[in-house]
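The following report reads a protein fold from its elements inward to its cores. Please keep the sequence and the model at hand while following it.

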Amino acid sequence: MLSARSARCMVSMATRACVSRGSAGSAAGGPVEAAIRAKLEQALSPEVLELRNESGGHAVPAGSETHFRVAVVSSRFEGMSPLQRHRLVHETLSEELAGPVHALAIQAKTPAQWRENPQLDISPPCLGGSKKTRGTS
């Protein structure tokens with residue numbers, strides 16, 4: 001029988017990769033997604049790592065890897081403020097953030113915080129570029 005979290009992961013694999021330590025693998029992604037995943041796993045030894053490439057919802061070419069959302073659950077975050085957690089993730093992904101990654105939404109939680117709310121947030125829809133393209137000045 002599947003756990004509730006395993007069932008959620010299986011249902012949503014088409015739109016996100018859901019990996020927990022000890023799981024049998026993850027959804028296929030591109031090289032940037034693979035680098036993000038590998039670096040976060042190495043640096044934080046997460047209990048849960050959910051990574052979603054949200055580039056398809058933005059004004060970028062098909063197949064882009066520029067916009068990501070990540071939920072990372074690690075005991076390394078114990079005793080750290082949310083700002084310190086975000087800084088640690090940014091430091092870990094400094095190469096990607098200086099290059100191909102334009103946007104990274106981060107949910108960095110302790111295991112206890114994740115147990116209270118085990119969900120990856122949903123990003124709002126893209127407004128479509130600069131103010132000029134939205135009809136305002």
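Contact means heavy atoms within 4.5 Å. In this predicted model, Ile36 touches Leu51, Phe68, Leu93, Glu96 and Val101 by that criterion, when residues up to four places away in sequence are not counted. Ile36 will return below, since the description of the helix and of the core both pass through this residue.

**Overall layout**

The protein chain holds six helices and four strands, and along the sequence these follow the pattern α-β-α-β-β-α-α-β-α-α. Of its 137 residues, 36% count as buried, and the accessible surface comes to about 8,100 Å², with 56% of that area belonging to carbon and sulfur atoms. Among contacts with a separation of 6 or more, 61% are between residues 24 or more positions apart.

**Helix H2**

Helix H2 covers residues 31-44, and its 14 residues should span 20 Å at 1.5 Å a residue, which agrees with the 20 Å between its end C-alpha atoms. Within H2, the residues Val32, Glu33, Ile36, Arg37, Leu40 and Leu44 are buried. Viewed down the helix axis, the buried residues of H2 fall within an arc of 135°, and therefore they line one face of the helix. An α-helix has 3.6 residues a turn, so residues three or four places apart point the same way. Pro31 and Gln42, by contrast, are exposed on the other side of H2. The residue that follows H2 is Ser45, which has a positive phi, near 40°.

**Strand S3 and its neighbours**

Strand S3, residues 67-73, has seven of its seven residues buried, so it is largely enclosed by the rest of the structure. In a regular strand the side chains alternate between the two faces of the sheet. In S3, His67, Arg69, Ala71 and Val73 point one way while Phe68, Val70 and Val72 point the other way, and all of them are buried. The strands that pair with S3 are set out here.

| Partner of S3 | Sense | Bridges | Residue paired with Val73 |
|---|---|---|---|
| S2 (residues 48-53) | antiparallel | six bridges | Val48 |
| S4 (residues 103-109) | parallel | seven bridges | Lys109 |

Val73 thus has Val48 opposite it on one strand and Lys109 as its bridge partner in S4.

**Nonpolar cores**

Which residues of the largest nonpolar core touch the most other members? Of its 17 residues, they are Ile36, Leu40, Val89 and Leu104. H2, S2, S3, helix H3 (82-92) and S4 each supply at least two residues of this core, and H2 gives the largest share, namely four residues. Apart from this core lies another, of five residues, including Val48, Val73, Trp114 and Leu120. Val48 and Val73, which stand opposite each other in the pairing of S2 and S3, are thus both members of this other core.

**Pro82 in H3**

Is Pro82, which is found in helix H3, buried or exposed? Its relative accessibility is 59%, and because residues over 50% are classed as exposed, Pro82 counts as exposed. Pro82 and Ala108 are separated by 26 residues in sequence, while their C-alpha atoms are 7.3 Å apart in space.

Notes: Residues numbered from 1 in each chain as written. Predicted model: local features only at pLDDT ≥ 70, side-chain atom pairs only at ≥ 80, totals over all residues. Heavy atoms only, no water. Expected span 1.5 Å × (residues − 1). Buried < 20%, exposed > 50% of the residue type's maximum accessible area, 1.4 Å probe, protein only. Arc of directions from axis to C-beta. Pairing = 2+ DSSP bridges. Core = buried A, V, L, I, M, F, W, Y, C linked by side-chain atoms within 4.5 Å. Areas by Shrake-Rupley, 256 points an atom, 1.4 Å probe, with all protein chains shown as cover.
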